[in-house]
Amino acid sequence: MKTFKEFCEDANLQEFWWNSPPPPKPEPPKQEVLAYKNYKPGVLNKKSGKFTQRPHTPEEEKRYGWKPAKTSVYAPGDKFTPNKVTATGEPHNWTTRNAAVPFKYKEGEAPKGKEGVPSIPYGSRLKLTNKPMGKDTKSTSAKINDVGDFGRTGAVNKDVKFDLSPQITRDLAGPKTTPQQWGKRMVYTKVSPTKK
């Protein structure tokens, strides 16, 4: 039986260490991030700049948070707010940051006692941005405090998800933006439910 010293001399350890292949390099960190391009979900390779369109999983949607939505603007005193007050009794004027959502149910289809219920609860916070940019995202926010006969359950503007007060549109598009200039516009939105 050889001693350890004799084994080492016979094995030529120096040759073993120098001729061994180097250990494999660790995998570089993933360069893909969740993103939208032209309001379509997918992933963006940060290194190459290549966008690959694909649906986000429910977990990814929750983590990303921002979702594209078509919006319109409702001016104070229009046919939906002739008294310039929201459904929750708050003022609706040219400088308030209000948002209206469609009714939860179509007319005539609401369960008894649920007529006029908003699709998103009153008091929820709505954040809006033209372009999500991670930590550098510039956004404005509004309180959901009104409801209207639009969207998928309404009689008008079936493709609209939020009806915004004029101040929000000016926050996003510039201080002189009029309701007519805004028209219907896609933006990215994030809803935070009310705290109970």
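User: Which residue stands opposite Thr 140 in β7?
Analyst: This is a predicted model. Strands β6 (residues 125-129) and β7 (residues 140-148) pair in the antiparallel sense. Thr 140 belongs to β7, and the residue standing opposite is Leu 128.

User: Which residue in β7 does Lys 127 stand opposite?
Analyst: The pairing of β6 with β7 is antiparallel and covers four bridges. Within β7, Lys 127 stands opposite Ser 141.

User: What is the bridge partner of Thr 129 in β9?
Analyst: β6 pairs with β9 too, in the antiparallel sense over five bridges. Strand β9 covers residues 185-192. There, the partner of Thr 129 is Tyr 188.

User: In what order do the strands of the closed barrel run?
Analyst: The barrel has six strands, and their pairing is mixed. From one strand to the next, the twist averages 45°. The order is β4-β8-β5-β7-β6-β9.

User: At about what angle to β7 does helix α4 run?
Analyst: Helix α4 spans residues 166-173. This helix lies across β4, β5, β6, β7, β8 and β9. Relative to β7, the angle is about 145°.

User: Among contacts between residues at least 6 apart in sequence, what share joins residues at least 24 apart?
Analyst: The protein chain has five helices and nine strands. A contact here means heavy atoms within 4.5 Å. Of the contacts between residues at least 6 apart, the share joining residues at least 24 apart is 62%.

User: What percentage of the 196 residues is buried?
Analyst: The protein chain exposes about 13,600 Å², with 54% supplied by carbon and sulfur atoms. Buried means under 20% relative accessible area. Residues of that class make up 32%.

How values were computed: Residues numbered from 1 in each chain as written. Predicted model: local features only at pLDDT ≥ 70, side-chain atom pairs only at ≥ 80, totals over all residues. Heavy atoms only, no water. Pairing = 2+ DSSP bridges. Helix = DSSP H or I, 4+ residues; strand = E, 2+ residues; numbered from the N terminus. Axes fitted to C-alpha atoms, helices over the stretch in contact; angles between N-to-C directions. Buried < 20%, exposed > 50% of the residue type's maximum accessible area, 1.4 Å probe, protein only. Areas by Shrake-Rupley, 256 points an atom, 1.4 Å probe, with all protein chains shown as cover.
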